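The exercises below are meant to be worked through with the sequence and the model side by side. Try each task before reading the solution that follows it.

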Amino acid sequence: MGDNGSEKRPELSRRGFLKAGAAVAGVAGIPAIARAQGAKMKIGLMLPYTGAFAAPGIAIENGFRLALQEAGGKFAGRDIEFIKIDDESEPSKATDNINRLVTRDKVDLVLGTVHSGVAAGMIRVTKESGVLHIIPNAGFGPATGALCAPNIFRTSFSNWQSGFAMGVVMSKRPAVKNVVTIAWRYAAGEEFVKGFKDAYLKGGGKVTKELWLPFPNVEFQALLTEIAAIKPDAAYAFFAGGGAAKFVKDYNQAGLSKSVPLVGPGFLTEGVLDAVGGAAEGVETTLHYGDGLETPKNKAFRLGYAKTFKLQPDVYAVAGYDSGLLLEAGLKAVKGDFGRKADLIKAMENAKIDSPRGPMRLSKAHNPIHDHYLRKVVGNENRVAGIAVKALDDDPAMMAACKM
Amino acid sequence: MEFSTFLIQLLNGVQYGLLLFLVSSGLTLVFGIMGIINIAHGSFYMVGAYLAWSLTGAIGNFWLALPAGIVISVLIGMLLEWLVIRWLYHRDHLYQVLLTYGLILVVEELRSVLWGDDVRGVDIPKILSASIPLTENQSYPVYRLWISAVCLLVAGLMYWVIQKTRLGMMIRAGASNREMVQSLGINIQVVYRVVFAAGLTLAALAGMIAAPVSAVFPGMGNHVLIVCFVVVVIGGMGSVKGALIASLLIGLVDTFGKVVTLAIGGFKVLPELSSMTVYVLMAAILLWRPEGLFGKRL
């Protein structure tokens, strides 16, 4: 552009001058980037570093840093500067924290966060300001639904997806004709149950009863007695963290695991297997990642992560890593020039990520389209038993709500 | 609902109620006798659970971890009373709320530093790990029955100490007139220290014995704290007997509120609004008796 036409002569000559300068710089061993030479890309890490979600927060940052390290410490020749903020998984502080990053620190991209309530607060600001935003965990539907925006991407999952995958698995089992669902009654719990029902009812199954518990109540005994009285062919449960650990233990101790198989989205057994002892043995869940994925990419990722951080990576670390890969893909397309935002966004939209989880690309609403695995608890692993749904897209209702 | 299911739910309700009593009795004791509102009570429930986890891991035996945890809790209680609580006796309730709220933050942070943020679990001791079959597909863990037995034992013990012993006499006297008891030559400072340590230990004990059936996780005390306050308000501030009755009431209302189907005029009330049943009960009782079931007349 601008290479011909006499009226553009002055610009041409300036470009020529820059090119020459860049060539000299190149000889001198300085990266030849014409625009914003030497400027680092500022990335705001708004993640939980304290509180119940501290471990996922740290795993996400580690994953991102691993991707950067593997790229040679720079993405497409561009140096990266990190600015960290602890979001404490505290929704009431979300707006202040994200404003600090966007307005005061003027970051070029924010990576965050784990907690959906906090992520919702972040989106309100990033959507308006247009600053690039990658969500590395928070799975609430509207992030890539009604709240979607060109500059907002998600590298993790949507809650609906992992529920839907289990619905597909259950609808293919002739012995499972009716299921009882049990979950916390809050936004995420409702999305996990909706996903399951969308697939399972369509496949001809029947949900005998939906049991709900106020969040974050962990007194399950009364509802377990309900399940025992109804005698369904399977129980589909969503809880997370400490609540999931307690539920799985209570379920086993009530003797229910013998007669009513327990299934759920992956988070039912994620990060709690050491805590529940053998109580989770045989529980089946669906998620976009799991233990024992024998792909070369995953092996290399796990080895690299363990070597760098002396820790085993988990599903959170994968999302952090993929956030790095996604940004790298975008920056490569614009040769590190992050000022070309429209081109950068386009490249990120079309990126095909070779993720440790398997191939991943983004939907029009910027939510991952990826395989979901059926996993079975063996010892203290969520062992992958096969693919539940290939290249699963998001909830059609959410995608329809996304206008951009 | 079938009759057998009804009976099991009854058992669930009573069992939950007894555990609630164990946690909330310490709160009502400290308030009734010392006039201290201890917002950090739930945190000590969590501390108890973490003690059970770390001590069982270190000693290798739950039955040895339990007494060790009790001793540690008593010491923590005495230390805290000496360090912070004793400055509150002559102050307004607002100061007490502020200071004990600060304790919550300190305890949470210490927990994070000492034990980390992961979800932990404690195995049920072998001798109690059996289950009793109730119906063809549901069984009841013996450990849960044992919890109920411990709670009843503690309730009896508290009644005996407060009503029948010399220490109990001093405690009761101190509750009604601190200055008079002091002028009679009783060291009320020591009595208060014992009472606060006892209250904290009761919460920690509840956390310790609940740890094997529950899981051990950050913030596990917060939910318990709110229900404890409901128990204390319904039972009457400072009444141990009231706490027992109120705990059982809440246990039953909460249990049946989750499973009974009730609709009024086409509007589904239960179980849709089960999260409110306990609070509706509290409101109703307060309308009828503002001082709670066994509280002193206001």
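**Exercise 1.** Determine how the end-to-end reach of helix 10 of chain B compares with the span expected at 1.5 Å a residue.

*Solution.* Begin with the length: helix 10 of chain B has 20 residues, where helices are DSSP runs of H or I with at least four residues, strands are E runs of at least two, and both are numbered from the N terminus. Next, take the distance from the first C-alpha to the last, which is 29 Å and close to the expected 28 Å, the expected span being 1.5 Å times one less than the number of residues. Finally, look at the start of this helix, where a side-chain oxygen of B:Ser239 comes to within 2.8 Å of the backbone nitrogen of B:Gly242.

Two notes apply throughout. The model is predicted, so local features need pLDDT of at least 70 and side-chain atom pairs count only at pLDDT 80 or more, while totals for chains, interfaces and linings use all residues. Residues are numbered from 1 along each chain as its sequence is written, chains are lettered from A and ligands numbered from 1 in the order in which they are written, and side-chain values use heavy atoms, with hydrogens and water left out.

**Exercise 2.** Describe the interface between chain B and chain A, starting from how many residues are in contact.

*Solution.* First, count the contacts (heavy atoms within 4.5 Å): 34 residues of chain B touch 31 residues of chain A. Second, consider the buried area, that is, the accessible area (1.4 Å probe) that two parts lose on being put together, summed over both; between these chains it is about 2,800 Å², with carbon and sulfur atoms giving 52%. Of the area that chain B buries against chain A, B:Val119, B:Asn137 and B:Lys258 supply 22%, more than any other three residues. Third, turn to salt bridges, each a side-chain nitrogen of Lys or Arg within 4 Å of a carboxyl oxygen of Asp or Glu: there are two between the chains, and one of them joins A:Asp250 to B:Arg144 at 3.2 Å, N to O. Fourth, ask which elements of chain B take part: helix 1 (3–34), strand 2 (139–141) and helix 10 (240–259) each supply at least two residues to the side that touches chain A, and helix 1 gives the most, with five residues.

**Exercise 3.** Work out where the partners of the A:Glu61 and A:Arg65 salt bridge lie, and whether each is buried or exposed.

*Solution.* The closest N and O atoms of A:Glu61 and A:Arg65 are 2.7 Å apart. Both residues belong to helix 2 (residues 54–70) of chain A, four residues apart, or about one turn of the helix. For accessibility, buried means under 20% relative accessible area, exposed over 50%, and partly exposed in between (1.4 Å probe, protein chains only). A:Glu61 therefore counts as buried at 7%, whereas A:Arg65, at 31%, is partly exposed.

**Exercise 4.** Find which strands of chain A are tied together by the salt bridge of A:Lys390 with A:Asp371.

*Solution.* In this pair the closest N and O atoms are 3.2 Å apart. A:Lys390 lies in strand 14 (residues 381–392) and A:Asp371 in strand 13 (residues 368–378), so the bridge links parts 19 residues apart in sequence. As for accessibility, A:Lys390 is exposed at 59%, while A:Asp371 is buried at 7%.

Definitions and conventions: Polar contact = N/O pair within 3.5 Å; in protein donor to acceptor, adjacent residues only side chain to side chain.
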